[in-house]
Amino acid sequence: MFNIRKIQEQVIYGAVKSASSDETAKEVVYGKEESAGTEDNPTWVKSTMKRLENHFDQPTVKQIRMQCQCGYAMDEKLALVKELVELSSNMEEFGNLEKAQAAGLSCVNGALYLQFPFCPCPMLAEVDRLDTDAWCQCTTGYSKVLFEKAFACEVDVELLKSIKMGDEICLMKIIPQGVIWKA
């Protein structure tokens, strides 16, 4: 059976271990003396992020969480974004395509944004509110991978709003670092 919690434990463990050590990864994911095993999902999410933030500075927390993206439905989203690139000749056209807007994309003053009217993370379904945006950084990692593949250049992603942080939408700014359309 599909167990999103086990998947999240494994990816966070791997990301923390690559940034530090096996011992730190174990403590972040499972708690001291593996006390996190009895926590329900919402409690585990919050306590895991608290443990992560207690071990690392904010840039490292973001880097670790960006590596935790699940890749769910990446192929179909990548196909859509590549199609949108083919149908346009610049960012304004790209962001104004009907299919782009239906997918939550928009272009404002030359800048590309991606928004969701709901939290897409199944691990946060039962979480009322997060104290920090640490958990949400996985979606910036997902978007970075998606748009780098579609745009064939490096992309920075900035999380601007999060429903689980109390905002009305989830909103990210997508910042390509190279040329997407050749003149």
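**Exercise 1. Work out which residues of strand S1 (residues 105–108) form its covered face and which form its uncovered face, and then describe how S1 pairs with strand S2.**

Solution. Start with the sides of the strand: in this predicted model, Leu 105 and Cys 107 make up the covered face of S1, whereas Ser 106 and Val 108 make up the uncovered one. Next, look at the partner strand, S2 (residues 111–116), which pairs with S1 in the antiparallel sense over four bridges. One residue of the uncovered face, Ser 106, has Tyr 113 of S2 as its bridge partner. Finally, turn to the hairpin that S1 and S2 form, where two residues lie between the strands and where Asn 109 takes a positive phi near 50°.

**Exercise 2. Describe the largest pocket by its volume, its lining residues and the elements that contribute to the lining.**

Solution. The volume comes to about 800 Å³. The lining consists of 37 residues, and those closest to the centre of the pocket are Lys 77, Phe 116, Pro 120, Thr 139 and Tyr 142. The elements that supply two or more residues to this lining are helix H1 (4–19), helix H5 (74–86), strand S2 and helix H8 (137–151). H8 gives the most, with six residues. As a last step, sort the lining by class, which yields 28 nonpolar, seven polar and two charged residues.

**Exercise 3. Check whether the length of helix H8 agrees or disagrees with the expected span, and then decide whether the helix is mostly covered or uncovered.**

Solution. At 1.5 Å a residue, the 15 residues of H8 should span 21 Å, and because the end C-alpha atoms are 21 Å apart, the two values agree. For the second part, count the buried residues: eleven of the 15 are buried, and H8 is therefore mostly covered, given that buried means under 20% relative accessible area. The buried residues include Gln 137, Cys 138 and the stretch from Thr 139 to Ser 143, and farther along the helix Leu 146, Phe 147, Ala 150 and Phe 151. Such spacings can be read with a general rule in mind: an α-helix has 3.6 residues a turn, so residues three or four places apart point the same way. After H8 comes Ala 152, whose phi is positive, near 55°.

**Exercise 4. Classify Pro 117, Thr 140 and Pro 176 as buried, partly exposed or exposed, and list the contacts of each.**

Solution. Take Pro 117 to begin with, which lies in the loop between S2 and H8. Its relative accessibility is 65%, so Pro 117 counts as exposed. Leaving aside neighbours within four places in sequence, Pro 117 is in contact with Ile 163, Glu 168 and Ile 169. The C-alpha atoms of Pro 117 and Asp 131, 14 residues apart along the chain, are separated by 20 Å.

Continue with Thr 140, which lies in helix H8. Because its relative accessibility is 0%, Thr 140 counts as buried. With neighbours within four places in sequence again left aside, Thr 140 is in contact with Lys 62, Met 66, Val 157, Leu 159 and Met 172.

End with Pro 176, whose place is in strand S4 (residues 170–176). A relative accessibility of 23% means that Pro 176 counts as partly exposed. Not counting residues up to four places away in sequence, Pro 176 touches Met 91, Phe 151, Cys 153, Glu 154 and Val 155. Pro 176 and Lys 144 are 32 residues apart in sequence, and their C-alpha atoms are 9.4 Å apart in space.

Key:
Residues are numbered from 1 along each chain as its sequence is written. This is a predicted model: local features need pLDDT of at least 70, side-chain atom pairs count only at pLDDT 80 or more; totals for chains, interfaces and linings use all residues. Side-chain values use heavy atoms; hydrogens and water are left out. Buried means under 20% relative accessible area, exposed over 50%, partly exposed in between (1.4 Å probe, protein chains only). Two strands pair if DSSP finds at least two bridges between them. On a 1 Å grid over the protein atoms alone, a cavity is a set of points where a 1.4 Å probe fits but cannot get out, and a pocket is an open set with protein on both sides within 12 Å along at least five of seven lines; lining residues have an atom within 4 Å of a point. Grid points are joined across faces, edges and corners, and a volume is the space filled by probe spheres set on the points. Ala, Val, Leu, Ile, Met, Phe, Trp, Tyr, Cys and Pro count as nonpolar, Asp, Glu, Lys and Arg as charged, and the others, Gly among them, as polar. The expected span of a helix is 1.5 Å times one less than its number of residues. Contact means heavy atoms within 4.5 Å.
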